Amino acid sequence: MPRPRHLPPTPSASSSPPTVAPEPDRRHTGGWREASGRLGAIWDHCAVDAIIELERAAAAHWRGTEQQWLGGWLLRAADGFTARANSALPLGDPGLPLDGALAAVTGWYRARGLPAMIAVALPVRAEAGESRPDLDNQLSERCWPTRPGPAFVMTAELPGAPAPVGLAPGSVFRVDDEPDDSWLAMYHYRGQDRLPQAGRTVLMSASSQAFASIRSGGGREVLAIGRLSFGEGWAGITAVQVHPGRRRAGLGTALTAGLCAEAVRRGARRMFLQVEIANLAARALYERCGFRYSHRYHYRVAP
Ligand SMILES: CC(C)(COP(=O)(O)OP(=O)(O)OC[C@H]1O[C@@H](n2cnc3c(N)ncnc32)[C@H](O)[C@@H]1OP(=O)(O)O)[C@@H](O)C(=O)NCCC(=O)NCCS
């Protein structure tokens with residue numbers, strides 16, 4: 001497939017209202033910068049601003065069923081379905097000293113029967129010490145361990161015209177406004193057998209989304225699925241899965257090409273996705289499709 005080009009971090013301007021509380025003053029971002037701290041040459045303030053804006057955008061593509069702002073921190077909950085929708089996202093100053101903010105976060109999640117988690121964005125090459133944001137160091141000092149499964153955020157600039165999707169004869173690429181039962185049956189988040197009720201709500205939580213699949217047998221057999229979401233000037237890819245018996249045969253590549261082509265058709269110019277650092281297969285796929293690393297993140301969990 002003609003590859004999308006690498007997208008350097010670019011601040012995005014727009015934002016949509018959160019589900020519950022009004023969005024805080026963007027001036028809070030300065031506080032996050034301070035909390036991000038001594039990032040040195042690896043992650044300068046321009047890059048931090050771009051990453052905050054991308055994180056803000058990504059949060060609008062995969063929302064909690066309940067959301068509330070604590071100053072510049074977005075608290076999200078969705079009955080525990082995915083860490084992204086069940087963690088606090090620091091996008092600015094929480095408006096409280098850190099210990100007060102952590103107590104408020106912990107209380108908010110405890111009231112919902114959930115572990116308190118904070119999503120911390122980090123430079124791509126985050127090692128211990130100087131290159132990590134102060135917030136991460138401060139959480140570490142307060143014995144908030146990291147949750148397994150840190151992830152990269154990858155981005156690509158999309159080509160001006162949709163590229164063809166290479167499919168074997170008898171297979172079709174299709175896009176639906178909502179996931180049907182076959183699509184949902186293929187979706188096993190972290191190997192889960194059943195999608196919880198909140199899962200469907202989260203899948204439909206962006207301002208708009210589309211559910212792509214590659215199917216054969218006249219549409220009866222689903223070979224691969226992926227979700228596209230739109231908002232805040234970005235297209236996002238989530239929920240990519242190829243049938244376990246059909247992997248390494250080009251379906252992931254075809255699906256990603258189809259998702260990019262559909263995003264272009266709908267006017268998107270840049271795209272992001274999140275992929276676990278340990279998921280070497282998916283990372284290789286996305287790298288081959290032209291995605292490059294923007295930053296990484298992990299979750300700190302309340303002790
Ligand atoms: C990741 C995944 C979507 C790839 O689908 P796929 O149909 O096997 O991908 P393709 O056949 O198009 O492979 C494209 C390239 O990706 C890389 N790749 C795919 N699987 C790989 C593996 N197991 N190990 C190493 N590289 C791999 C290779 O570079 C491959 O090209 P090659 O076969 O010419 O070497 C599939 O493994 C999958 O569904 N995994 C479980 C769900 C998942 O991890 N989704 C991604 C969440 S972000």
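Between which two strands is the loop in which Asp 79 is found? That loop runs between β2 (73-77) and β3 (88-90). The model is predicted, and this report describes its fold, its core, its strand pairing, the surroundings of its ligand and a few individual residues.

## Overall make-up

The chain contains eight helices and eleven strands. Of its 303 residues, 44% count as buried. Among contacts with a separation of 6 or more, 74% are between residues 24 or more positions apart.

## Nonpolar core

In soluble globular proteins, nonpolar side chains tend to be buried together. In this model the largest nonpolar core has 78 residues, and Val 105 and Met 271 touch the most other members. Helix α2 (residues 45-61) is the element that gives the most to this core, with eight residues. Both domain 1 (26-152) and domain 2 (156-294) are represented, each with at least three residues in the core.

Leaving aside residues up to four places away in sequence, Val 105 touches Leu 70, Leu 75, Ala 88, Ala 116 and Ile 118.

## Strand pairing around β10

Strand β10 (residues 270-276) pairs with strand β5 (residues 151-157) in the antiparallel sense, over seven bridges. Within this pairing, Phe 152 stands opposite Val 275 of β10.

Strand β10 is also joined to β9, and here the two strands run parallel, with three bridges between them. Gly 236 has Phe 272 in β10 as its bridge partner.

## Surroundings of the ligand

The ligand is surrounded by 18 residues, and the closest are Arg 247, Gly 252, Thr 253, Ala 281 and Leu 285. Three elements give two or more residues to this shell: β9 (234-242), α7 (251-265) and α8 (280-288). Helix α8 gives the most, with six residues.

By residue class, the shell around the ligand divides into ten nonpolar, five polar and three charged residues. Strand β9 thus appears twice in this report, as a parallel neighbour of β10 and as a contributor to the shell around the ligand.

## Ala 257 in helix α7

Ala 257 has its place in helix α7, one of the elements that contribute to the shell around the ligand. Is Ala 257 buried or exposed? Ala 257 has 23 other C-beta atoms within 10 Å, and 20 or more count as buried, so Ala 257 is buried.

Ala 257 also has a partner that is distant along the chain: Pro 162 is 95 residues away in sequence, yet the two C-alpha atoms are 8.8 Å apart in space.

## Two residues with positive phi

Most residues other than glycine have a negative phi. Asp 79 has a phi near 55°, a positive value in a residue other than glycine. Glu 232 is not a glycine either, and its phi is positive at about 60°.

Both residues are in loops. Asp 79 is in the loop between β2 and β3, and Glu 232 is in the loop between β8 (221-231) and β9. Why does Asp 79 count as partly exposed? Asp 79 has 18 C-beta neighbours inside 10 Å, and a count under 20 but over 12 falls in the partly exposed class. Glu 232 has 21 C-beta neighbours inside 10 Å and therefore counts as buried.

Technical notes. Residues numbered from 1 in each chain as written. Predicted model: local features only at pLDDT ≥ 70, side-chain atom pairs only at ≥ 80, totals over all residues. Near = placed C-beta within 6 Å. Helix = DSSP H or I, 4+ residues; strand = E, 2+ residues; numbered from the N terminus. Nonpolar A, V, L, I, M, F, W, Y, C, P; charged D, E, K, R; others polar. Core = buried A, V, L, I, M, F, W, Y, C linked by C-beta atoms within 7 Å. Domains from an automatic or database assignment. Contact = placed C-beta atoms within 7 Å. Pairing = 2+ DSSP bridges.
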